[in-house]
Amino acid sequence: MHPLTLSSIDPYAAKLLGHAYATKYQALPVKLDGEHLHVAMAAPNCAATLANLADVTGLFIVPHAANPDDIRLFTNQLLAPDAISTIASQLLVDTQLNQRTDIQDPALLAEISSAPAVRLIDSIIESAILHRASDIHIEPCGAGLRTRCRIDGILRTYHQVDISLLPNVISRLKIMGGLDIAENRRPQDGRFTMGLGGETVDFRLSTLPTTLGEKAVLRLLYDQATRLSKAELGFFEDDLARLTDLFHRPYGAIFMTGPTGSGKSTTLSSFMAELNREGVNIITVEDPVENPIIGVNHVNVERTAGFTFAGALRHILRQDPDIIMIGEIRDEETARIAVQAATTGHVVLSTLHTNDAAGVIERLMDMGIEPYLSASALAGVISQRLVRRICPRCAGPGALSAKEAQFLGLSQDTQVFEGKGCESCAGTGYKGRLAVYEYIVTDEDMHREMSARPYEFAAALRKRDAFRENALRHLLAGHTTAEEIVKILNRV
């Protein structure tokens with residue numbers, strides 16, 4: 001029997017069992033090795049307990065003898081706070097069930113509240129929040145039920161259990177999200193909110209029928225206390241100073257561009273939070289609202305009710321706004337109202353799906369907006385992508401491969417950095433993400449050029465290759481790796 005110490009326990013592995021089961025079986029997971037879970041146990045030779053632990057976790061159990069007092073001490077220390085989330089989710093389900101009149105089948109109610117389904121969902125949610133995941137995927141995969149979390153933009157598999165749990169898990173999630181549990185032939189969307197460990201997390205639930213059964217995806221939206229400040233986004237200090245001045249202009253349109261998942265809304269929200277003060281009226285129109293800020297008026301588009309972006313904007317302009325944030329401009333009518341608002345004394349913030357900053361000029365023209373209107377309205381453009389940050393706890397010197405050096409135009413002996421992998425980053429070498437970006441802050445000369453020769457002006461902006469320069473600056477500063485920079489430059 002080896003003494004159990006706090007440093008010998010992997011916190012992630014410990015959370016795979018949870019407080020209730022750890023207490024019941026006097027067992028505490030200490031290490032996850034592939035599909036083998038090493039567990040400190042008071043009764044390591046009890047076949048029934050080993051079988052139960054395997055059923056609950058879906059993993060092969062490797063038992064290790066440990067002192068029961070040590071197990072109890074570290075179980076309470078590591079897992080007691082997480083027990084709150086299990087209680088919170090059960091209260092949420094109980095409340096929803098009390099409000100539903102369409103569920104009378106006792107067998108179905110028993111399945112929804114079955115211990116394996118409850119524990120699996122709670123374990124997934126606890127792990128996701130612990131690692132600041134943005135999405136949770138629960139899906140059939142062959143003969144198993146697979147759960148994956150998107151962390152720092154990468155999907156990682158966390159559990160693989162028997163497929164028989166899928167219907168119970170999906171039904172329970174549907175109850176939590178207020179969906180129809182009898183409907184499994186069409187997609188459904190719902191939402192629920194849970195308070196976990198002093199933090200409020202908003203969950204957006206989407207279900208989708210597949211050939212093997214229903215798949216569920218949960219988008220996690222964390223409360224504003226955890227929102228990144230503008231200083232944490234990854235902008236260099238000199239650039240951040242210029243962008244801060246841009247967002248404090250008294251009028252004009254500022255556009256964020258980039259593909260889905262590139263952090264556009266996060267960047268806008270961070271700057272908007274700074275602009276949010278008592279003397280400023282900020283109104284947003286979004287589909288849906290994802291980053292609510294106390295003091296900002298958020299409006300949800302309701303397409304089924306005929307309440308579109310353009311319709312919402314017309315009403316918002318009657319609400320005496322100083323700053324208007326539009327979730328996305330997709331059509332000419334919305335673009336025209338936004339441009340007119342930006343030229344009549346309002347600050348307009350919005351996103352556009354273009355590959356680079358110069359593409360905003362061309363995109364507005366494609367929508368039918370005259371170049372002179374775009375030029376007079378445009379205050380600035382930021383185009384960004386996200387790359388993973390090197391984990392600060394295990395960062396160390398790295399090396400460029402010959403292929404990377406050639407692609408990046410650097411000498412192979414250029415000093416770069418990489419993460420070696422540690423407990424803090426789950427062995428990946430990365431923790432968190434940052435923006436690689438380019439931006440345009442317009443002036444009168446640029447307005448004249450855009451108005452007279454918009455396509456030539458856009459082509460000249462592209463020749464600057466500012467995005468590549470910024471990516472290399474992040475690499476040489478030790479913020480990210482050559483692997484991440486090559487990956488992102490290949491996608492631009």
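**Exercise 1.** Find the residues that line the largest cavity of this predicted model, and work out which helices supply at least two residues of that lining.

*Solution.* Begin with the residues themselves: the lining of the largest cavity is made by Leu16, Val56, Thr57, Arg119, Leu120, Ser123 and His159. Next, place them on the helices, where H3 (47–57) and H6 (115–130) each turn out to contribute at least two residues to this lining. Of the contributors, H6 gives the most, with 3 residues.

**Exercise 2.** Sort the lining of the largest cavity into nonpolar, polar and charged residues, then state how much space the largest cavity holds.

*Solution.* Taking the classes in turn, the lining comprises 3 nonpolar residues, 3 polar residues and 1 charged residue. Since Arg counts as charged, the charged member can be identified as Arg119, which appears among the lining residues. As for the space, the largest cavity encloses about 40 Å³, and the count of cavities of 30 Å³ or more comes to 1.

**Exercise 3.** Determine how many aromatic pairs the structure holds, and name the residues that form one aromatic cluster.

*Solution.* The number of aromatic pairs in the structure is 5. Turning to the cluster, one is formed by Phe235, Phe247 and Phe271 together with Tyr437 and Tyr439.

**Exercise 4.** Identify the rings over whose faces Arg385 and Arg388 lie, and give the distance to the ring centre in each case.

*Solution.* For Arg385, the ring is that of Phe467, with the ring centre at 5.8 Å. For Arg388, the ring belongs to Tyr430, and the distance to the ring centre is 3.9 Å. Both distances fit the cut-off for a charge over a ring, which asks for CZ of Arg within 6 Å of the ring centre.

Terms used
Residues numbered from 1 in each chain as written. Predicted model: local features only at pLDDT ≥ 70, side-chain atom pairs only at ≥ 80, totals over all residues. Heavy atoms only, no water. 1 Å grid on protein atoms, 1.4 Å probe; cavity = no way out; pocket = protein on both sides within 12 Å on 5 of 7 lines; lining within 4 Å. Points joined across faces, edges and corners; volume = space filled by probe spheres on them. Helix = DSSP H or I, 4+ residues; strand = E, 2+ residues; numbered from the N terminus. Phe/Tyr/Trp six-rings, centres within 6.5 Å; stacked < 30°, edge-to-face > 60°. Lys NZ or Arg CZ within 6 Å of the ring centre and 35° of its normal.
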